[in-house]
Amino acid sequence: MSKHHVTTVINGDPVEFLCQPNVSLLDVLRDELNMTGTKEGCGTGDCGACSVTLDGRLVCSCLVLGVEAQGKSIQTIEGMANGETLHVLQRKFLEHAALQCGICTPGFLIAARSLLERNNNPTEEEVRFWLAGNLCRCTGYNNIITAVLEAAREMRGA
Amino acid sequence: MMEMRFETPKTAEAASALIAATPGLSKIFSGGTDLMVHMRSGNIKPDLVLDIKSIAEMNVIAVENGGYRVGAAVNCMQLLENTAFATTWPGVIDGANLVGSIQVRGRATLGGNLCNASPGADTVPAMIAAGAIASIVGPNGRRDVPVEQIPAGPGKTSLAKGELIVSFFLPKRAPHSGDAYLRFTPRTEMDIAVVGVGLSLTLDDKGVCTHARVSLGAVADRALLVPEAAAALIGTTVDAAALAKLAAAASAAARPIDDKRGTKEFRIKVAGVLARRAAEKALSRAKGKN
Amino acid sequence: MLTNTKDIEQVMKVVGTSPVRPDGVPKVTGQAQYGADYSLPGMLWAKVLRSPHAHARILSVDTSKAAALPGVKGIILGSDFPDHPFDYVGPERVAQNYWHMTRNIMAREKALFEGHAIAAVAATTLAIAAEAVSLIEVKYEVLQHCIDVEDAMKPDAPLLFEDMITRGVEPAPSKPSNISKRLEFSVGDIAAGFASADEVVEMSFKTAAVHQGYIEPHSCLARYGADGQCELWSASQGHFVVRAYTAKLVGMEIGNLLVHPAEIGGGFGGKTVVYVEPMAVLLSRKTGHPVKIMMSREDVFKSTGPTSGSSMTVKIGVKKDGTIVAAEGLFKFQAGAFPGSPVMNATMCAFAPYIIPNVKSVGFDVVSNRPKSAAYRAPGSPISAFAVESVLDILAKKIGMDPLKLRLKNAVKAGSPTAWGPKHSHDGYAETIQALLDHPQYNKPLGKNQGRGVASGFWFNGGGESTASVHINEDGTVVIATGSMDVGGSRASMALMAAETLGVPYESVRSTVADTASIGYNHVTGGSRVTYATGIAVVEACNKVIEDLRLRASLMWDTDIKNVVWSDGYAKPVDKSVGNFEPLSLKAIAGKRAVTGGPIGYEASTNAGGQAPGFSTQFVDVEVDPETGAVKILQFVAAQDVGRAIHRDYCAGQIVGGVVQGIGWALNEEYIYDSKGRLSNAGFLDYRIPVASDLPMIEAVLVEVPNPSHPFGVKGVGEANIVPPMAAIANAIENAIGRRMTELPMSPPRVLAAIDAG
């Protein structure tokens, strides 16, 4: 199967890669581009560990084809911090012990940022339902929810 | 080794022509949230994958003749974010808001959900209850089909080779109308519906139901349109007696299987329970209370 | 009785706080490398061929077409691994049999479960490896299979091992069966005990197999060199154990295998064993290239150990005043395709929280055609607790006693007997019960279709072998290294204990996990042992460093070492008479190290004993939808005796995490098999773990009854919290709708059927 040449933007940087048409964006990120921050937990869109945004839309990268990245803009966990300055969500996750093993954390951070960009004053229930597509097996979700609500509070300047 | 071509046609006619020219298996790649899973598992090995998301008419959400034209490639999040549509068809939104997760809703489409033809598809019962019409482009031109005629069994549609749904038309809404979709799942999110009920009704000025459509999902080999259930409501004020008849009709129409998601008995019983609850919700919306 | 911890608190500067963990930034930025995140130049990808049959004789395997595919570099079968004598090795509760283990890694004579590995292929791309796997031709003779434990025990059940004679039965049975072992713990006179009871309840229960459900599939990367030296990057709960198992299974010396600890994406016991590591090492040896294997989610469910499903009967007798006089349990556990279910733990833990003079606890370890069970958080104890804690609830109602008070009346403390011999060594259980009795929400009234349930649980906790090293850098900062994988923040806990011991700020301590060549032996991160045992090693190493720092200071001051004290991070003269010396910081002493003896660093090892068990008592409020059987968790409060919380937030996090796993186990999780013995729900869509919208905030109550055997009073926290939730929820459902659920999971169809049965 011959490969497609794809030109895209990842975390604000222009990127080019070759990939076969049946390969997922997740596999391209991890295996072609060595961006292993995005994780595979299931490969079938049931766990959210592979969450990225595609033209600003929160998606599972395991359900997107690599060739679909053509001409689009992708945001992954690697682009969330600004050099040494962590995003407020990353800080809150650390301050509120919102990770134990950390494998689900990149997916949660991308998903939570997507929520707060749309709604900077969500209720606890809204946060829980927005993040229902991200599985965590370690934390029981308590501290993740708290961290997101606290990040929202700081973002509102409240 | 699987050889797969990937094309991005710019018109529906071009897509149709590509399929016709391909001897092997062609698959429409809409949101991809079902197709990618099938491809990964080896269930489906397409020779040609057509990304139709660049086709303009498949991406519209527009008022048309007082009703709504919704492109088949519109994803669930786009639908939820369209306030005008969401206010008009909250039941369709109920369904779109339950497909998978936010991540899945960012990609999953009405067209894909219907044509993947899972009996438990979440957007289908409310679309059937709404009386939605599918606009199809194919080798023989265009035709319109009520959506309930599209699914033909698990994983099968009534579409001919080379046909694809480009958009849906939802009719103009009469005053005092409301719709709702409810489903039963063991968890609050992320599950495939064990039972789904889509219901739309219209009341006259006196609160008497003049029109109703009831559709059941996940309790047969395809989503069902259940006229007997609707008949239980028409001519009534949707009171307790009518609701009980509705529930009984829904349970009677259910012909489910036992599977890893639910037993026959459970589905039959809960079909009636959810039909009643969906009617209550639709009624509340028809009366202007949300 | 809560020990007065006030005095100790006065001197704790950092222990008990909640600072950011050392591995935190890498984990929130995607930089941390987990098992699947490593790559090497020239790396091959491996894929595994797995049996589609639940039970089959393997007649032949033809790999010729696969080997001929361009890009395929190596193929291995079970016969490529050395065989091992049939022998149970090690203490009974954790015995291993390498004859079984090698066959679990890759099948030889038979495929014993759907998903059993048959062969593995290494190729230049994953796609080529996958295609090669599809080209391997296997001739199977499909055999009858059995899944359920009761079915596997029937006399006419298809046998997994034609020569399996039940151990633990005298005289030994003359015919083979699927029952690997029978065991029994008895004390007192069970018949007399029941005869003296005022109320007796006997009930039977069934539980389904559940998986640990870690989000990270098993992955590893192996590079075997032409010099026989191999490096392995593996995500596990114990890289020393991975080294030992892998070396033995592949047939190499332990010293030739170096295992790097990749970050681990969840384990809960399931990653204390190996699956892909021996395959990767062997393929790397065969091909001369690095080999990477990553399991798919489907492989994880089909081919890695869930915990056992079970069939149980429990009978308990009490006096009118609530004294438990007799308890009997029969516990039949599915081991999966090879022996080794946690039934021994279950039989021991079942009645462990209670002082009962007459106990008979019998367990059966039974093989059946499903993946071999692996440890899952307090393995075995949650299962028997489901039965015991449910029966206690029924008895509490019969005698009109509050269920917490019934437990309190019979609660063990230090010196209380156990059914398996040794006495309990620690208090703590009663305090967890009292914490709930005192909780403001415990007596809050509930509404229609709502109910409150309580339950308790016990787990042994572990001690064992750990090694830690502590070094002072030239600038006075501190590096500590252990060999304990960090699953939930232990790097931070080690740093806190080191900082507290040395008297320095937490921020000046770097806390690392070293590879197998860079630190002494560490047993697994499991059994709730790390903060306890590895903490002891860290503190001992720090104490050795402190002795040396005193010596260096004494040299710098030209005085006797007994004139130097170490206090608050400084060497100080014991009093003014020694001389007018300014306190010396770590930095000052490190600066002079070359003239006082050289680098400053020590290692300490321990085989820690004296660990205290975990006790947890919990209450849950539920609401049941009477028309659908759906159960909603309204509130959940879990109290646990943690001894001393080193890092308060991580401690509480363990409790909340275990409770939520218990909620999933109670309500929705189960292995569902079809009539051919194939798993129907091998993915996260239909294997339903709790999602964020299913749950309220869970409340963790940290009870602290310090353990005197640990320098900071630590008791292991990770596991006891998963023991009570299933029974607590069953008891709550009973109070909500008057129906007793005896089968897990208590899924909506089962609850609705119970409601409708009337």
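Buried area is taken here as the accessible area, probed at 1.4 Å, that two parts lose on being put together, summed over both. In the predicted model, the area buried between chain B and chain C on this basis is about 1900 Å², and carbon and sulfur atoms give 55% of that area. The interface brings 19 residues of chain B into contact with 24 residues of chain C. Seven salt bridges are found across the interface of chain B and chain C, and one of these joins the side chains of R277(B) and D625(C), with a nitrogen-to-oxygen distance of 2.9 Å. The count of residue pairs in polar contact between chain B and chain C, with both residues at pLDDT 80 or more, is 12. On the side of chain B that touches chain C, helix 11 of chain B, spanning residues 264–286, gives the most, with six residues. The residues on this side of chain B comprise eight nonpolar, two polar and nine charged.

A second interface lies within chain A, which is divided into domain 1 (4–79) and domain 2 (88–156). The C-alpha centres of domain 1 and domain 2 of chain A are 21 Å apart, and 16 residues of domain 1 of chain A are in contact with 14 residues of domain 2 of chain A. About 1100 Å² is buried between domain 1 and domain 2 of chain A, with carbon and sulfur atoms giving 59% of this area. Zero salt bridges are found across the interface of these two domains of chain A, whereas three residue pairs in polar contact, both residues being at pLDDT 80 or more, are found there. Strand 3 (51–54) and strand 4 (57–60) of chain A are the elements that give two or more residues to the side of domain 1 that touches domain 2, and strand 3 of chain A gives the most to this side, with three residues. The residues on this side of domain 1 of chain A divide into five nonpolar, eight polar and three charged.

Within chain C, F615(C) is found in strand 23, which covers residues 614–624. F615(C) counts as buried because its relative accessibility is 1%, against a cut-off of under 20%. When neighbours within four places in sequence are left aside, the residues in contact with F615(C) include P353(C), V412(C), H424(C), Y429(C), F458(C) and A720(C). The C-alpha atoms of F615(C) and K248(C), which are 367 residues apart along the chain, are separated by 36 Å.

Several backbone features were also examined. Most residues other than glycine have a negative phi, and most peptide bonds are trans. The peptide bond from E170(C) to P171(C), however, is cis, with omega near -10 degrees, and P171(C) is placed in the loop between helix 6 (149–153) and strand 7 (179–187) of chain C. A cis peptide bond also joins L744(C) and P745(C), with omega about -5 degrees, and P745(C) is placed in the loop between helix 20 (725–737) and helix 21 (748–757) of chain C. Positive phi values occur at N65(B), near 50 degrees, and at N449(C), near 60 degrees. N65(B) is in the loop between strand 4 (61–64) and strand 5 (67–71) of chain B, and this residue counts as exposed because its relative accessibility is 71%, the cut-off being over 50%. N449(C) is found in the loop between helix 14 (429–437) and strand 16 (450–459) of chain C.

Conventions:
Residues numbered from 1 in each chain as written. Chains lettered and ligands numbered in written order. Predicted model: local features only at pLDDT ≥ 70, side-chain atom pairs only at ≥ 80, totals over all residues. Heavy atoms only, no water. Helix = DSSP H or I, 4+ residues; strand = E, 2+ residues; numbered from the N terminus. Buried < 20%, exposed > 50% of the residue type's maximum accessible area, 1.4 Å probe, protein only. Domains from an automatic or database assignment. Contact = heavy atoms within 4.5 Å. Salt bridge = Lys/Arg side-chain N within 4 Å of Asp/Glu carboxyl O. Polar contact = N/O pair within 3.5 Å; in protein donor to acceptor, adjacent residues only side chain to side chain. Nonpolar A, V, L, I, M, F, W, Y, C, P; charged D, E, K, R; others polar.
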